[in-house]
Amino acid sequence: MDADKPKNEQPLFEVENNVYKGPTSPYSGTYKSIGEMVWKKINGFSDKIAQFDARTKETVTYKELQKKIAKCALWLQEQGIKPDDVVSVCTHNHVNALVPCLAATYVNAIFNPWDEEMNLPTALHVLQLTTPKIIFCNENSTNVVLQAIHETKCSPKVVVFGSHPKTISFASILSGYSDAQAAHFRYVENDNMKKAVCILHSSGTTGMPKGVEMSNYAMLSMNADSVIDLNEMVSLWFSSLYWISGTILSLKAISQGAKIIIYPEFDEEMTCILIEKYKVTWLFIGTSMTNRLIKAGYVKNYSLLSLKMIFCGGAILHQETQRDLKHILPHVEILQGYGMTEIGGIATCQNSYHKAGSCGIPVLNVQLKIADSNSGKALGPNQMGEAWLKSNNIMNGYYRNPEATRSTIDEEGWLHSGDLCYIDEDGELFVIDRLKDLIKYRGHQISPAEVETVLLTHPAILEVAVVAVPHPTDDEHPIAYATKKPGAEVTEKEIINFVANNMMDHFKLRAGVVFLDTFPYTGSGKIAKKELKAMAKKLAVQ
């Protein structure tokens, strides 16, 4: 990561009044919709393997995938699904998970992935927000979905991957149409590229998830960039379709004819087994997964020589972590990207010569500035502020929530990220923390990420997250939730003293340390800080 920048290379971005601008090239392809792009791409790859489910050992070719999508699309049309109707999908990763989403694009409907692990209040919220006509579920999520339907006036049809009472089986949909019928199906043409193709959801770190409405234009533009190249790659990731990374990577793989290894959940050793057994060449993992992969130590026990690229995202990948991973896997290019669902995915990305721990520079069609949150003034190099972004791939807005849209995207089109960042003298972005995660102690602003970075250097700590406990006189006190490395012994007092000895006074863990057997995680593998904050709130001094 610290290699010298190639000599005589043309600048990859421009700077104007402290605004950093990536190359500009508006989407100029011939496709008018994601449905058209997917239809034509899949037909071109025919007998090439599209998916391999490492758990069930099922292999799906592109020809077989097209047949499934067409049959599902025929069924959607038979149910009266029209353009702008919403089709929701609530499932883990498996060979049929993507089929209803793509079938929806074939009939110009809107696909809407849900978190398969959501609780009833969240299910009620997203159901009433998106009002889908049909919901596809896995067996584990069906009871919550049916209960949410029972408690609302919504009456969508429910399809299950597997079997469940009072639902339609997905298998019966596929068996209900002949191969000849599927072969005669054609996608419905789209006459408005700005029309919504999908509603993704924000992570809901400070409340219920918001619906992020993405247009065909944004998704096509994003798919056409060259940041992620899966051509001739054997790819592996664990993000479900609920996360923009899962959706983007699935579309990117189809557009490039890549082979995907499907496994529903991240496990440190299983990841190494999958890479070695199936000769995985391209891996996407979240930052938390990266930390766990390194510290679990299994990487050293397997031959991972097939691996060419690890792409990291989702949270802050610290300098030390990136260097440690590079030391363990010197033959692998390890890159970090920064982005948001609302900006259409990746906004900045590292090149191989960028500094470890940076998020790189703006990608195609993205503008970035570090703004003073009060004045909006663009700050200079190495000055801390909020990252504001512009992009051709920006969302249409929050679905059915114009007020939230106005509070996020200002009148000049800048999207306010909520991330505390700085850009160094070389134009590389460094993300410090979420502004809303900053802990306030007696006038000091404490970055949880700074404390976490120090704690991760302790030899006994496997994973850690720092959040705030409300305090009646000091505003907030930091508390650390941590898991220990296998066999490690360490006390709460030792960890408290470790921070006290390595950081300034206001960073002290005044609310203590809580050791967990395991962390709660989001579907994309991030530590679920919202759950930890709820736990910490109960510890508040009355």
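These are my notebook entries on cavities, cores, one enclosed helix, ring pairs and a few single residues in a predicted model.

**Cavities**

I searched the whole structure for cavities of 30 Å³ or more and got 5. The largest of them holds about 150 Å³ of space. I then looked up its lining, which has 14 residues; Asn93, Trp237, Ser250, Ile260 and Ile262 are the closest to the centre. Two elements, helix 9 (244-256) and strand 13 (259-262), each give two or more residues to this lining. Strand 13 has the largest share, with 3 residues. By residue class I noted 8 nonpolar, 6 polar and no charged residues in the lining of the largest cavity.

I went on to the second largest cavity, with a volume of about 50 Å³. Its lining consists of Met222, Asp225, Val227, Ile228, Ile248, Lys252, Gly344 and Ile346. Here the division is 5 nonpolar, 1 polar and 2 charged.

**Nonpolar cores**

I recalled that nonpolar side chains tend to be buried together in soluble globular proteins. In this model the largest nonpolar core has 99 residues. Val38, Leu76, Tyr106, Phe136, Trp282, Tyr338 and Leu429 have the most contacts inside it. Helix 2 (residues 62-78) provides the largest share of this core, 9 residues. I also recorded a second core, separate from that one, with 28 residues, among them Leu293, Ile294, Leu325 and Leu329.

From the largest core I picked Leu429 and listed what it touches, leaving out residues up to four places away in sequence. The list reads Tyr338, Thr348, Ser358, Cys359, Gly360, Leu368, Ile370, Cys421, Tyr422 and Ile423.

**Helix 8**

Is helix 8 (residues 216-224) largely enclosed or open? I found 8 of its 9 residues buried, so the rest of the structure largely encloses it. The buried residues are Asn216, Tyr217, Ala218, Met219, Leu220, Ser221, Met222 and Asn223. One of these, Met222, I had already entered in the lining of the second largest cavity.

I then checked what covers the buried residues of helix 8. The cover includes helix 1 (34-45), strand 10 (196-201), strand 11 (211-215), helix 9 and strand 17 (345-349).

**Ring pairs**

I counted 17 aromatic pairs in the structure. For Trp39 and Tyr187 I noted ring centres 5.9 Å apart and planes at 55°, so this pair is tilted. Which parts does the pair tie together? Trp39 lies in helix 1 and Tyr187 in the loop between helix 7 (179-184) and strand 10, so the pair joins parts 148 residues apart in sequence. Both Trp39 and Tyr187 are buried.

The pair of Phe161 and Phe170 is tilted too, at 5.0 Å centre to centre and 50° between the planes. I looked up the accessibility of each ring residue. Phe161 has 12% relative accessibility and counts as buried. Phe170 has 2% and also counts as buried.

I followed the ring pairs further and found that they link Trp39, Tyr106, Phe185 and Tyr187 into a cluster. Within this cluster, Tyr106 is one of the residues I listed with the most contacts inside the largest core.

**Single residues**

Thr61 is in strand 4 (residues 59-61). With a relative accessible area of 15%, Thr61 is buried, because the cut-off for that class is under 20%. I listed its contacts, again without residues up to four places away in sequence: Ser46, Asp47, Lys48, Ile49 and Ala50.

Next I looked at backbone angles. Most residues other than glycine have a negative phi. Thr131 is not a glycine, yet its phi is positive, about 40°. I placed Thr131 in the loop between helix 4 (120-130) and strand 7 (134-138). Its relative accessibility is 31%, and Thr131 therefore counts as partly exposed.

Asp475 also has a positive phi, about 80°, without being a glycine. I found Asp475 in strand 27 (residues 475-484). Is Asp475 buried or partly exposed? At a relative accessible area of 43%, Asp475 is partly exposed.

Note on methods:
Residues numbered from 1 in each chain as written. Predicted model: local features only at pLDDT ≥ 70, side-chain atom pairs only at ≥ 80, totals over all residues. Heavy atoms only, no water. 1 Å grid on protein atoms, 1.4 Å probe; cavity = no way out; pocket = protein on both sides within 12 Å on 5 of 7 lines; lining within 4 Å. Points joined across faces, edges and corners; volume = space filled by probe spheres on them. Helix = DSSP H or I, 4+ residues; strand = E, 2+ residues; numbered from the N terminus. Nonpolar A, V, L, I, M, F, W, Y, C, P; charged D, E, K, R; others polar. Core = buried A, V, L, I, M, F, W, Y, C linked by side-chain atoms within 4.5 Å. Buried < 20%, exposed > 50% of the residue type's maximum accessible area, 1.4 Å probe, protein only. Contact = heavy atoms within 4.5 Å. Phe/Tyr/Trp six-rings, centres within 6.5 Å; stacked < 30°, edge-to-face > 60°.
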